[in-house]
Amino acid sequence: MAKMWAGVTDGKTEKVADEFNSSIKVDSKMYSQDVKGSIAHAMMLGHKNIISKAEAETLIVNLQAILEDIENGSLKIDYTEEDIHMFIERVLTERVGEVGKKLHTARSRNDQVALDFRMYLRDGVETLIKKLVLLITVITDKAEEYKDVIMPGYTHLQRAQPITFGHHLLSYAMMFLRDRERLTENLKRINVSPIGSCALAGTTYETDREYEAEQLGFNSICLNSIDGVSDRDFAVEFASNVAIIMMHLSRFCEEIILWSSWEFKFIKLSDSFTTGSSIMPQKKNPDMAELIRGKTGRVYGNLMGILTVLKGLPLAYNKDMQEDKEGIFDSLETVNACLNVFTPMLKEMQAIKENMKKKAQEGFINATDLADYLVKKGMPFRSAYKISGQIVAECIKKGTILENVKIEDYKKFSPLFDDDVYEQISLETCVNKRISQGGTSVASVEHQIDYVKGQIK
């Protein structure tokens with residue numbers, strides 16, 4: 001098949017070179033954006049009388065028909081073509097003849113590719129933002145349900161202080177709010193039109209780049225034509241943002257995996273989002289969470305991939321940049337797939353409240369509050385810290401918890417102890433005393449819930 005770019009060369013290349021050079025298996029995902037971009041370009045050419053109004057209308061009508069035919073399956077994409085842009089232009093030319101060859105006036109594949117890529121990512125980011133909002137909503141609903149359920153909070157994976165499960169869940173809501181904010185900022189930099197930059201130097205035709213950008217919903221245009229065709233910062237930023245989302249999902253999944261184990265038994269996952277073993281009938285495996293944790297690695301790899309592709313490239317366009325899409329598309333598809341399964345999995349997850357509280361009691365995580373009790377009675381903190389540690393050691397030796405130590409035994413360590421100690425070291429008191437902004441008290445958790453709901457409105 002003769003190449004549409006045949007000119008100074010005869011356009012004849014070896015089959016192995018054609019296959020190596022082709023990008024259509026990847027960029028065919030952008031067929032809709034390519035057609036819509038071409039329609040806007042035809043509109044601009046007619047608007048500026050670079051081609052006649054009748055020619056522009058012929059191009060627009062037939063491009064719309066091509067899009068409809070691809071979408072209804074009557075037109076199959078030819079994967080022997082070099083790329084989706086050449087395929088659509090070839091089909092158009094076959095349908096309308098010589099006027100089809102006028103579509104590419106005042107543009108290059110360089111700015112056309114950049115345009116399609118930005119449009120595709122723009123659509124993807126808008127969808128991703130909606131999915132994040134849905135996830136944040138589910139987290140907030142769960143936090144409200146479990147705002148007063150006591151569990152151990154951890155540092156170093158060791159029981160540290162009592163918190164509420166709602167408080168713990170909301171920490172992830174805050175992370176995903178930041179993810180949404182990053183994507184929203186990223187969208188501003190994606191939504192800049194490169195079309196009209198042409199190969200790298202602009203064009204001799206009197207085009208109207210703002211008009212064409214407006215037809216496609218862009219907020220502005222690239223102000224330097226070299227930057228217009230060679231900029232992929234927006235894709236790197238997207239890859240980074242998605243990697244951070246996956247990191248947050250992976251951390252959440254790691255905790256879900258731990259919590260659902262027999263060693264913790266803090267939560268129960270729905271059967272709909274777990275699997276069994278081929279030989280061990282008692283198993284209920286958190287495979288969805290494990291897969292999300294595993295898929296995080298490939299998204300990290302895609303970020304490093306795009307950074308490495310761009311690392312040593314001189315301006316402007318280089319064929320290396322054909323490698324910009326596969327990893328980005330994979331990251332977008334991966335994070336979408338992960339959110340599609342994670343959100344309903346979380347929605348159906350149930351807390352085992354009694355186990356959470358029992359583990360909180362067994363962990364002596366109210367020992368700090370015991371020390372604070374003595375401090376408030378006038379004892380220096382270091383002395384109170386030492387006595388509290390000695391009492392914990394005695395409890396461990398006797399197999400009991402602080403709440404069950406008799407008052408006479410407390411008084412053996414210090415005469416400052418009185419019956420009011422039990423109220424002060426109850427886990428409910430320990431939690432609700434933490435009234436500082438952002439803390440774990442029920443009142444604070446309710447304020448955090450209100451904040452998150454306000455943000456996602």
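In which sense do strand S1 and strand S2 pair, and over how many bridges? Strand S1, residues 150-155, and strand S2, residues 158-164, pair in the antiparallel sense over 6 bridges. Two strands are taken to pair if DSSP finds at least two bridges between them. Helices (H or I, at least four residues) and strands (E, at least two) are DSSP runs, numbered from the N terminus.

Before I continue, a word on the source. This is a predicted model, in which local features need pLDDT of at least 70 and side-chain atom pairs count only at pLDDT 80 or more, while totals for chains, interfaces and linings use all residues. Residues are numbered from 1 along each chain as its sequence is written, and side-chain values use heavy atoms, with hydrogens and water left out.

Let me return to the two strands. S1 and S2 form a hairpin with 2 residues between them. Thr155 stands opposite Gln158 in S2. In the turn, His156 has a positive phi of about 60 degrees. Leu157, in the loop between S1 and S2, also shows a positive phi of about 60 degrees, although Leu157 is not a glycine. Is Leu157 buried or exposed? Leu157 is exposed, at a relative accessible area of 58%. The classes are as follows: buried means under 20% relative accessible area, exposed means over 50%, and partly exposed lies in between, with a 1.4 Å probe and protein chains only.

Cys198 offers a second case of positive phi outside glycine, with a value near 60 degrees. Cys198 is found in the loop between strand S3 (192-193) and helix H8 (209-215), and at 6% relative accessibility Cys198 counts as buried.

One further backbone feature deserves mention. A cis peptide bond joins Leu315 and Ala316, with omega about 10 degrees. Ala316 is found in the loop between helix H11 (287-310) and helix H12 (324-348).

Helix H12 also contains Asp330, a residue that is buried at a relative accessible area of 17%. The side chains of Asp330 and Arg298 are joined by a polar contact of 2.7 Å. A polar contact is a pair of N or O atoms within 3.5 Å; within protein, one must be able to donate a hydrogen and the other to accept it, and residues adjacent in sequence count only if both atoms are side-chain atoms. Leaving aside neighbours within four places in sequence, Asp330 is in contact with Arg298 and Asn302, where contact means heavy atoms within 4.5 Å.

I turn now to helix H5. H5 runs over residues 84-96, has 13 residues, and reaches 18 Å from its first C-alpha to its last, close to the 18 Å expected at 1.5 Å a residue. The expected span is 1.5 Å times one less than the number of residues. How many of the residues of H5 are buried? The count is 11 of 13, and H5 is thus mostly covered. Among the buried residues are Ile84, Phe87, Arg90 and Val96. The buried residues of H5 pack against helix H2 (24-27), helix H3 (31-47), helix H4 (53-72) and helix H6 (109-145).

At the N-terminal end, Asp83 caps H5, with a side-chain oxygen 3.1 Å from the backbone nitrogen of His85. After H5 comes Gly97, whose phi is positive, near 80 degrees. Asp83 has another role in the list of charged pairs: Glu82, Asp83 and Arg109 are linked in a network of salt bridges.

A salt bridge here is a side-chain nitrogen of Lys or Arg within 4 Å of a carboxyl oxygen of Asp or Glu. By this rule the count comes to 29 salt bridges. I shall present three pairs.

In the first pair, Lys48 forms a salt bridge with Glu206, the closest N and O atoms being 3.7 Å apart. Lys48 lies in the loop between H3 and H4 and Glu206 in the loop between S3 and H8, so the pair ties together parts that are 158 residues apart in sequence. Lys48 is partly exposed at 26%, whereas Glu206 is exposed at 62%.

In the next pair, Lys147 and Glu446 form a salt bridge with closest N and O atoms 2.8 Å apart. Because Lys147 lies in the loop between H6 and S1 and Glu446 in helix H19 (residues 442-456), this pair ties together parts that are 299 residues apart in sequence.

Finally, the side chains of Lys377 and Asp420 meet in a salt bridge of 3.5 Å, N to O. Lys377 counts as partly exposed at 35% relative accessibility, and Asp420 counts as partly exposed at 36%.
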